[in-house]
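Student: Hey, could you walk me through this structure? I'm new to it.

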Amino acid sequence: MESGLGHYDPQTWKRSTQHLKLSPHKPSQPHREILFLVYISDIYYPPATIAKVSQFADDLCYWSSSKRPNLAAKKLQTCITEIETWTNMWRIKLNPVKTQCILFTKNSHLQPNNIDLSLNNHKITISKEATFLGVTFQNNMTWTKHINNLEQRANNRLNHLKALCGKHGASPLTVIKVYRAYIRPLFEYYVPAWINISDNQLQRLEVIQNKALKLAHRLPSYISNHYIHIITGIQTVRQRHQVIALKYTRTAINPSLQKTIQEAHITVDTPMSFMLQLARDFHSQNSTKHP
């Protein structure tokens, strides 16, 4: 079960002047972001036995797992109560409307009927899907909605690409560069999270890339997809995903990175520590197999 606590109100981030004295000049945008991170550095992190937390800027997510949904909900309500105490102390407002709860399960018989979570006396909406950092998560743990969103956004951008390919339009090299900078990043954003999509879903992304490459070279649709990748030197979407996943894994198990993280004394209560522990285990297993 996961509960996403909504965005902070950027207008209420300033603490009382008796706690924090600021310059009378309005800080620049980068400085405001840094000050905001410092401001929320003491936010509540629950023990690992209760829940786990993921935070990026003003997006905050708590999740807990249990065979009994009502027990997981009880743990999340404990976190929400702590967050309410923290926000009241520092005069921060959370938006209950943007706060969602989603029950992840493969069991269709489990329904979130008995889940009752509240934030500042407002009942939290129970959703079948939630978007966190641009990735759409579904309660049945599939990526149908996320791929549909990607396909729609990519096709819209593909129409923009067609405007560059008129009779006296841009050169193929220019169009390819625009594709790589404007459309392909949609297929690669946070791909380690949804790399297990089905072959049919992946093929839908491949179709969009094939259209873009043929469009760049003004080639008809019946030209072989294998041929168009050879003349352009562009990897398929599947190949790009494999490369990104490999880089991600190598970075996670890099010994120098592990040493840096260990020296940083990251606590066991953070999600990053669990990811790093998995990476350490993976690295030690490989070291044992290949001394």
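**A first look around**

Tutor: Sure, let's start with one residue: Gln 201 is buried, with a relative accessible area of 11%. Buried means under 20% relative accessible area, exposed over 50% and partly exposed in between, using a 1.4 Å probe and protein chains only.

Student: Where is Gln 201 found?

Tutor: Gln 201 is in helix α6, residues 199–216. Helices are DSSP runs of H or I with at least four residues, strands are runs of E with at least two, and both are numbered from the N terminus.

Student: And what is Gln 201 in contact with, leaving aside its neighbours within four places in sequence?

Tutor: Trp 143, Thr 144 and Ile 147. Contact means heavy atoms within 4.5 Å.

Student: Anything I should know about the model itself?

Tutor: This is a predicted model, where local features need pLDDT of at least 70 and side-chain atom pairs count only at pLDDT 80 or more, while totals for chains, interfaces and linings use all residues. Residues are numbered from 1 along each chain as its sequence is written, and side-chain values use heavy atoms, with hydrogens and water left out.

Student: Ok, back to helices. How do α4 and α6 cross?

Tutor: The axes of α4 (residues 172–182) and α6 come within 8 Å and cross at roughly 155°. Axes here are lines fitted to C-alpha atoms, for helices over the stretch in contact, with angles from 0 to 180 degrees between N-to-C directions.

Student: So what does that make α4 and α6 to each other?

Tutor: Roughly antiparallel. That label is for angles over 145 degrees; under 35 is roughly parallel, 65 to 115 roughly perpendicular, and the rest oblique.

Student: Which residues make the contact?

Tutor: Pro 172, Val 175, Ile 176 and Tyr 179 from α4, with Gln 209, Ala 212, Leu 213 and Ala 216 from α6.

Student: New topic: strand β8. Which way do its side chains point?

Tutor: They alternate along residues 129–132. Ala 130 and Phe 132 point to one face and are buried, while Glu 129 and Thr 131 point to the other and are not.

Student: How many bridges join β8 to β9?

Tutor: Four, and the two strands run antiparallel. Strands pair if DSSP finds at least two bridges between them. Ala 130 has Phe 137 as its bridge partner in β9.

Student: Last one: is Lys 67 buried or exposed?

Tutor: Lys 67 is exposed, at a relative accessible area of 82%. Its place is in the loop between β3 and α2.
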